[in-house]
Amino acid sequence: MDGVHDYGCGISAVDSRLVRDTQTAVHIIVEGGRAAIVDTATADCVPRVLEALAGKGIAPGQVDFVILTHVHLDHAGGAGRLMQCCPNAKLTVHPRGARHMIDPSRLMAATVDIYGADAAWRMYGEVVPIPEHRVIETGEGTFVSLAGRELSFLDAPGHARHHVAVRDSRSGRLFAGDTFGLSYRELDLGNRQFSFPTTSPSQFDPPALHASIDRMLSLGPEAIYVTHFGELRDLGRLAADLHRLIDAHVDLALEMQGAGPERLAKLERGVEKIVLAEALRQGWRLSEAELMRVFSLDIELNAQGLAAWLDARARGLRASN
């Protein structure tokens with residue numbers, strides 16, 4: 001099947017083709033004729049996931065787990081529809097996110113607040129609720145077994161408080177959702193990859209994100225899988241870039257604390273400048289127009305996340321005074 005990337009150890013990425021090609025991956029783990037799916041993209045992407053499973057000889061009834069790294073809808077919007085198709089699957093989700101999968105109304109309302117109603121429904125469509133008895137809360141230290149292959153869960157806050165990373169016992173590799181940043185294949189120079197942080201609303205926490213990145217790296221994985229997009233290696237270099245770029249986003253936000261009603265627009269321009277500066281630093285070959293096409297949604301979301309972080313920081317400072 002076109003758009004399936006196989007990485008060995010029974011791990012594959014399916015290009016959901018959400019937003020554009022190679023923007024949002026749905027990862028599949030196959031072991032002993034059973035499967036787990038890590039993140040789901042949206043309901044419209046479910047047929048591609050089922051087709052990829054069929055190509056591996058896996059029927060929907062052989063899916064044991066649908067695993068969510070967090071409940072942002074580009075990761076979790078298709079979970080309910082996929083669970084309807086996979087009758088034996090259990091959904092795993094951070095305890096903070098479980099209620100939003102059982103009753104997604106508040107999650108959808110928050111998404112509408114960010115994108116507007118028309119754009120939210122156009123991008124994510126219907127978010128199907130999941131029966132509570134099919135949901136497993138997987139906080140720090142929990143694990144599930146996929147045909148004897150242990151998948152363990154680590155709290156991984158910083159991008160969101162309801163975020164986990166998943167460690168695969170067979171390979172030692174990690175599924176990081178958004179905690180290890182964005183890595184778009186259009187930017188690769190041969191085998192050299194790049195990462196860029198995502199600070200999207202509304203729970204960006206710089207110290208926690210730094211700590212989560214360091215913790216994942218300390219486990220010594222040979223590869224990390226990010227939802228945007230696929231397998232990453234040379235992890236020490238990528239982590240150093242992420243730390244530097246997180247700090248650049250924080251510096252930008254702090255400069256805009258008193259920017260008034262133009263703050264969001266100024267934050268967007270500032271994130272755009274960070275992208276362009278990184279392009280020069282790394283030697284990305286895309287034109288400025290092509291870079292803006294690749295990063296346009298991320299620039300908007302990163303700016304909104306920085307604005308939300310500034311507001312939360314201000315509330316915290318007022319509360320402590």
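A pocket, as the word is used here, is an open set of grid points with protein on both sides within 12 Å along at least five of seven lines, and its lining residues are those with an atom within 4 Å of a point. The structure to which this is applied is a predicted model.

In this model the largest pocket has a volume of about 720 Å³. Of the 35 residues that line the largest pocket, His72, Leu107, His162, Pro201 and Ser202 are the closest to its centre. Several helices contribute to this lining, for α2 (73-76), α4 (95-102), α5 (105-115), α6 (117-124) and α10 (288-320) each supply at least two residues, and the largest share, six residues, comes from α5. In chemical character the lining of the largest pocket divides into 15 nonpolar, 13 polar and seven charged residues.

Enclosed space is a separate matter from an open pocket. A search of the whole structure for cavities of 30 Å³ or more finds one, and the space within the largest cavity amounts to about 30 Å³. The residues that line this cavity are Leu154, Asp155, Ala156, Ala165, Ser212, Arg215 and Met216. Two elements, β9 (149-155) and α7 (206-218), give two or more residues each to that lining, and it is α7 that provides the largest share, with three residues. By type, the lining of the largest cavity consists of four nonpolar residues, one polar residue and two charged residues.

From these spaces we can turn to the packing of a single helix, α1, which spans residues 46-55. Which residues of α1 are buried? They are Val46, Arg48, Val49, Ala52 and Leu53, and because they cover an arc of only 160° around the axis, they lie on the same side of α1. An α-helix has 3.6 residues a turn, so residues three or four places apart point the same way. The face of α1 turned away from the buried side carries Pro47, Ala54 and Gly55, which are exposed.

What do the buried residues of α1 pack against? Their partners are the strands β1 (4-6), β2 (11-15), β3 (25-31), β4 (34-38) and β5 (63-67), together with the helix α3 (79-85). Beyond the end of the helix, α1 is followed by Gly57, a residue whose phi is positive, near 75°.

Definitions and conventions
Residues numbered from 1 in each chain as written. Predicted model: local features only at pLDDT ≥ 70, side-chain atom pairs only at ≥ 80, totals over all residues. Heavy atoms only, no water. Buried < 20%, exposed > 50% of the residue type's maximum accessible area, 1.4 Å probe, protein only. Helix = DSSP H or I, 4+ residues; strand = E, 2+ residues; numbered from the N terminus. Arc of directions from axis to C-beta. Contact = heavy atoms within 4.5 Å. 1 Å grid on protein atoms, 1.4 Å probe; cavity = no way out; pocket = protein on both sides within 12 Å on 5 of 7 lines; lining within 4 Å. Points joined across faces, edges and corners; volume = space filled by probe spheres on them. Nonpolar A, V, L, I, M, F, W, Y, C, P; charged D, E, K, R; others polar.
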